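Please open the model in your viewer and keep the selection tool at hand. This tour suggests what to select at each stop and says what is found there.

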Amino acid sequence: MGVSLSTPTLDEKIFALVDRIVCGVAFGKSYGGNQFKDQKFQEVIGKTTKMMDSLSAENFFPSVGWIVDVLTGLRGRLEKSFHNLDEYFDRVIDEHLDLKREKLEEDDFVDVLIGLLNDEASDYCPTRDQIKAMLLNTFIGRIDTIAVAMVWAMSEVVKTPQVMQKLQGEIRTSLGRKSEVDINDLPKLKFLKMVVKETQRMHPPAPLLIPHETISHCKIGSDGYDVYPQTRVLINAWAIGRDPSTWRNPNEFDPQRFEGSDVDVKSQHFELLPLGADRKICPSISMASSSMELLLANLCYPQQDTPLPWAHSV
Ligand code: HEM
């Protein structure tokens, strides 16, 4: 029997899984699947992210660039995507305002934001549009960052059998006869953490981070290169992670390089910046790394009764 054309690919499955995790935290449930008239949620998020990453003439020539964006169709496509998302966020907010809604044990992100609307003691009272902007910030470039990183991790692990072997061995030894890896198992899985770090080094999902702008004049480099206020700064995290003056064999997927090293992604080490650094570092740094570890461990976890392909060599 042939494989059905509609069988989800690994990246579709990973996206759906990450969508469930992020939406679970933000909305209390996943609204995935066919939420939009003519497109899937994944497509709308993917298209919007791509458009936000694409070069907009208006960003570089604010007074006239919009004409180019209209002519190239970028502005029309952006408006359609945002209209779609706007309707979607309205629905999420309305559902949360519904007093008959079955509430979860813990408030989700939308409950917290809506709580601010009604909290008279709070100085900050966001408008509905501000809540939607925060939801947009949670979505665009968030679900797909973890999903993209996961697809890279799986591709590298599958391509490097000795890494897969070591990873599966570590998981099986640490978990005994448990049927799945849960969050409490993660601290024991040292090699897993190295695999995730190595994936983040070689394949940062946001290779140029998010564009930054300087607010004051500064000098950088030994020659004192001047950078003036309001200069757009792009940080090439991809190139930093593959700099041969820092990393031995930088294009080789070798998680073992982190053995005994204290280099991590938490912004103290400027040779590894997949999540940014300092005050602008990704606020979801813990969730990003632990979600990746949990997903990867479960995807690679060998079933107890399945002999490992390399079993004869152990
Ligand atoms: C592997 C997964 C992730 C990666 C690689 C990643 C990476 C990044 C990067 C590079 C930035 C920009 C840092 C800078 O400005 O220099 C960022 C910002 C941000 N991230 Fe993440 N992220 C991930 C997951 C997430 C998740 C799951 C969420 C939310 C649920 C999230 C929420 C945010 C937000 C709200 C910002 C903007 C912070 C600001 O503007 O100050 N990220 N992330």
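Begin by selecting Lys219, which at 54% relative accessibility counts as exposed, and keep in mind throughout that what is on the screen is a predicted model. Add Asp226 to the selection, and you will find that its side chain and that of Lys219 meet in a salt bridge, with 3.1 Å from N to O. Asp226 itself is partly exposed, having a relative accessible area of 29%.

This pair belongs to a set of 14 salt bridges held by the structure. For a group of them that share partners, select Asp86, Asp90, Asp94, Arg128, Asp129 and Lys132 together, since these residues are joined by salt bridges into one network.

Within that network, look at Asp86 and Lys132, whose salt bridge brings the closest N and O atoms to 3.2 Å from each other. Because Asp86 lies in helix α5 and Lys132 in helix α7, this pair ties together parts that are 46 residues apart in sequence. Is Lys132 buried or exposed? With a relative accessible area of 8%, Lys132 is buried, while Asp86, at 34%, counts as partly exposed.

Stay with the network and turn to Arg128 and Asp94, whose side chains meet in a salt bridge at 2.8 Å, N to O. Here too a residue of helix α7, Arg128, is paired with a residue of helix α5, Asp94, so that parts 34 residues apart in sequence are tied together. Arg128 is partly exposed at a relative accessible area of 30%, and Asp94 is partly exposed as well, with a value of 43%.

Now step back and colour the chain by secondary structure, which shows twelve helices and four strands. Of the 314 residues in the chain, 37% are buried. If you display contacts between residues at least 6 apart in sequence, 65% of them join residues that are at least 24 apart.

For the interior, select Phe27, Leu167, Ile171 and Leu296, which touch the most other members of the largest nonpolar core, a group of 57 residues. At least two residues of this core are supplied by each of α1 (10–27), α5 (74–97), α6 (109–118), α7 (128–139), α8 (143–159), α9 (161–175), α10 (190–202) and α12. Which helix gives the largest share of this core? It is α8, with eight residues. Colouring domain 1 (10–141) and domain 2 (167–300) separately is useful at this point, because both give residues to the core, which therefore lies between them.

To follow one core residue in detail, centre the view on Leu167 and show its neighbours: leaving aside residues up to four places away in sequence, Leu167 touches Val157, Phe191, Leu192, Val195, Leu296 and Cys300.

The last stop is the ligand and its iron atom. Which residue is the only protein donor of that iron? Select Cys282, whose SG atom is placed at 2.3 Å from the iron. Cys282 sits in the loop between α11 (237–241) and α12 (285–300), and its relative accessible area of 24% makes it partly exposed. The UniProt record, an unreviewed entry, places the feature "binding site" at Cys282.

Notes: Residues numbered from 1 in each chain as written. Predicted model: local features only at pLDDT ≥ 70, side-chain atom pairs only at ≥ 80, totals over all residues. Heavy atoms only, no water. Donors = N, O, S within 2.8 Å, 3.2 Å for Na, K, Ca; no water. Core = buried A, V, L, I, M, F, W, Y, C linked by side-chain atoms within 4.5 Å. Buried < 20%, exposed > 50% of the residue type's maximum accessible area, 1.4 Å probe, protein only. Domains from an automatic or database assignment. Contact = heavy atoms within 4.5 Å. Salt bridge = Lys/Arg side-chain N within 4 Å of Asp/Glu carboxyl O. UniProt positions renumbered as here; feature names shortened; annotations may be inferred.
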